[in-house]
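Let's walk through this one together, starting at the ligand and then moving on to the nonpolar cores. Keep the viewer open as you read.

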Amino acid sequence: MADPRTEEQTPAEQRSPAEYWESRYTELDRLWSGRVNRVLEDVASPLEPGRALDLGCGEGGDAAWLARRGWTTTGVDISPTAAERGRAAARELGISEASLRFEAGDLAEWSPEEPFDLVTCSFLHSWPVVIPREAILRRATGFVAPGGRLLVTSHAAAPAWADHEALHGYAFPTPESDLAALDLDPDAWEVLLAELRDREVTTPDGEPGTVVDGVVLVRRLR
Ligand SMILES: C[S@@+](CC[C@H](N)C(=O)[O-])C[C@H]1O[C@@H](n2cnc3c(N)ncnc32)[C@H](O)[C@@H]1O
């Protein structure tokens with residue numbers, strides 16, 4: 001007998017990451033603010049632009065910021081809708097395809113053809129659909145050019161106003177666990193940052209609030 005459930009009726013945690021994230025994007029006209037993430041802004045602002053890769057780029061806020069600062073940028077996300085929104089935003093901002101391109105791909109399998117001077121990965125969290133996040137981060141070390149950097153920014157804890165019941169069972173990464181996931185050869189990599197940073201935000205109720213970001217920045221030695 002055919003399974004009578006529609007996609008909407010299938011519990012989220014039973015969907016594939018691709019199905020889950022695509023439905024998250026198609027449910028709303030826009031999921032994220034479109035603004036650059038603070039940690040990336042702080043870390044990348046002093047750097048000389050080169051080739052950048054944004055892993056799990058969403059609608060492309062970080063990637064567009066990098067491109068506007070002169071980085072030749074590629075954004076990759078598992079959701080084709082997110083990637084298309086990134087392209088649309090780039091067109092609206094007048095950024096050329098040579099400067100900013102987006103690909104839909106699953107980072108558990110996706111690989112670039114050439115290495116990057118900066119690989120950034122902001123908030124690659126997936127819950128209740130689990131992704132092989134640690135394996136993805138480890139693979140990302142292979143995308144960094146000699147002398148290049150890998151930045152991993154994560155939510156270190158749920159904000160006070162989050163739906164804690166929905167997040168029950170989710171193990172938030174720490175800078176230490178992300179660093180361990182990268183499994184770096186100490187002769188080939190330098191750890192530049194592994195720390196927690198408070199960030200002031202506006203809560204959904206319009207009140208001032210604080211969230212905690214985990215930051216890991218490593219550099220591949222030449
Ligand atoms: C919490 S969002 C963060 C989006 C964006 N980096 C930001 O900071 O706004 C996580 C993103 O990771 C993407 N993602 C989840 N699993 C993925 C995978 N296996 N491969 C590629 N992208 C993935 C999701 O589609 C989503 O856009």
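A residue counts as near the ligand here if one of its heavy atoms lies within 4 Å of it. Bear in mind that this is a predicted model. With that cut-off, the ligand is surrounded by 17 residues, and Y25, G56, D77, D106 and S122 are the closest. Sorted by class, that shell holds ten nonpolar residues, five polar ones and two charged ones.

Now for the polar contacts. The side chain of D77 places an N or O atom 2.6 Å from an oxygen atom of the ligand. D106 also uses its side chain, with an N or O atom 2.9 Å from a ligand nitrogen. S122 joins in through its backbone: a polar atom there is 2.9 Å from a nitrogen atom of the ligand. As for cover, the ligand on its own would expose 590 Å², and the protein buries 93% of that.

What about the nonpolar side chains? In soluble globular proteins, such side chains tend to be buried together. In this model, the largest nonpolar core has 22 residues, and L53, L55, V119 and L150 have the most contacts inside it. The elements giving two or more residues to this core are the strands β1 (51-55), β4 (116-122), β5 (144-155) and β7 (208-220), plus the helix α5 (133-141).

Zoom in on L55 for a moment. Setting aside neighbours within four places in sequence, L55 is in contact with V76, L107, W110, V119, T120, C121, S122, A140 and F143. S122, then, is on that list and is also one of the residues closest to the ligand. Apart from the largest core lies another, of 15 residues, including V39, L47, W71 and L193.

Methods
Residues are numbered from 1 along each chain as its sequence is written. This is a predicted model: local features need pLDDT of at least 70, side-chain atom pairs count only at pLDDT 80 or more; totals for chains, interfaces and linings use all residues. Side-chain values use heavy atoms; hydrogens and water are left out. A polar contact is a pair of N or O atoms within 3.5 Å; within protein, one must be able to donate a hydrogen and the other to accept it, and residues adjacent in sequence count only if both atoms are side-chain atoms. Accessible areas come from the Shrake-Rupley method with a 1.4 Å probe; for residues, only the protein chains shown count as cover. Ala, Val, Leu, Ile, Met, Phe, Trp, Tyr, Cys and Pro count as nonpolar, Asp, Glu, Lys and Arg as charged, and the others, Gly among them, as polar. A nonpolar core is a set of buried Ala, Val, Leu, Ile, Met, Phe, Trp, Tyr and Cys residues joined through side-chain atoms within 4.5 Å. Buried means under 20% relative accessible area, exposed over 50%, partly exposed in between (1.4 Å probe, protein chains only). Helices (H or I, at least four residues) and strands (E, at least two) are DSSP runs, numbered from the N terminus. Contact means heavy atoms within 4.5 Å.
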